[in-house]
Amino acid sequence: MTEPTTLRGAHVLLRPATPHDIPALAAVRATPEVRERWRGGTDMAAAVAEDLAEPGSRTLAIEYADRVVGAIQWAEETEPDYRHANIDIYLDPALHGNGLGADAVRTLARYLITDRGHHRLVIDPAADNEPAIRCYRKVGFRPVGVMRRYERAEDGSWHDALLMDLLAEELTN
């Protein structure tokens, strides 16, 4: 199994994120739409740096039109009886609705299935995040169930998440 240097989608390029990407990623994370879902505290650059250093997780910068416009992360469960990978993504809200998120998710999903050998992928958007859910459905993800009070918001309240999965044969082109 190989680690990617770059993955090319129809419109986006995914490449390993580096410390050089932190200012651009922090700017995207600081937008109200992304901050609501991803949080980040008072030092967004430190939050992004922490994400890049998270053991077991790999963060890829999403490039579009020669600039960093977001990040997509993945991790994998390697226990043979439960083997699968998970994906998480954030994208500059100015680019939402253009198919770039679906392109990034599809590109990473194809890599995880074809090169890493995963038969199943999961993603868990907030249950009220309809745009994200529509994006993931375009790639082939299906709802599995609601995870109640799954994640704490910055204000301390809990919200539900929708567990979605995709089997290798369900990936759309």
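This note goes through the salt bridges and one helix, α5, of a predicted model.

1. Salt bridges in total. The model has twelve salt bridges. The points below take up some of them, pair by pair, and ask how far each partner is open to the surroundings.

2. D21 and R15. These two side chains form a salt bridge, with 2.7 Å from N to O. Are the partners buried or exposed? D21 has a relative accessibility of 2%, so D21 counts as buried. R15 reaches 17%, and because the limit for buried is under 20%, R15 is also classed as buried.

3. R37 and D128. A salt bridge joins the side chains of R37 and D128, again with an N to O distance of 2.7 Å. This pair ties together distant parts of the chain: R37 sits in helix α2 (residues 32-38), while D128 lies in the loop between β6 (120-123) and α5 (130-139), 91 residues apart. R37 counts as partly exposed because its relative accessibility is 24%. D128 is at 54%, and therefore counts as exposed.

4. D165 and R120. Here the side chains meet in a salt bridge at 3.1 Å, N to O. The two residues are 45 apart in the chain, with D165 in strand β8 (residues 158-167) and R120 in strand β6, so that distant parts of the chain are linked. D165 is buried, because its relative accessibility is 15%. R120, with a relative accessible area of 23%, is partly exposed.

5. A network. Salt bridges need not come as separate pairs in this model: R58, E76, R83 and R116 are linked in a network of them.

6. The buried face of α5. Which residues of α5 are buried? They are A132, I133, C135, Y136 and V139. Viewed down the axis of α5, these buried residues fall within an arc of 160 degrees, which means that they line one face of the helix. On the other side of α5, P131 and K138 are exposed.

7. What the buried residues of α5 touch. They pack against two strands already met in the salt bridge between D165 and R120, β8 and β6. Their other partners are β5 (84-91) and α4 (100-114).

8. After α5. What follows the helix? The next residue is G140, and its phi is positive, near 120 degrees.

Definitions and conventions
Residues numbered from 1 in each chain as written. Predicted model: local features only at pLDDT ≥ 70, side-chain atom pairs only at ≥ 80, totals over all residues. Heavy atoms only, no water. Salt bridge = Lys/Arg side-chain N within 4 Å of Asp/Glu carboxyl O. Buried < 20%, exposed > 50% of the residue type's maximum accessible area, 1.4 Å probe, protein only. Helix = DSSP H or I, 4+ residues; strand = E, 2+ residues; numbered from the N terminus. Arc of directions from axis to C-beta. Contact = heavy atoms within 4.5 Å.
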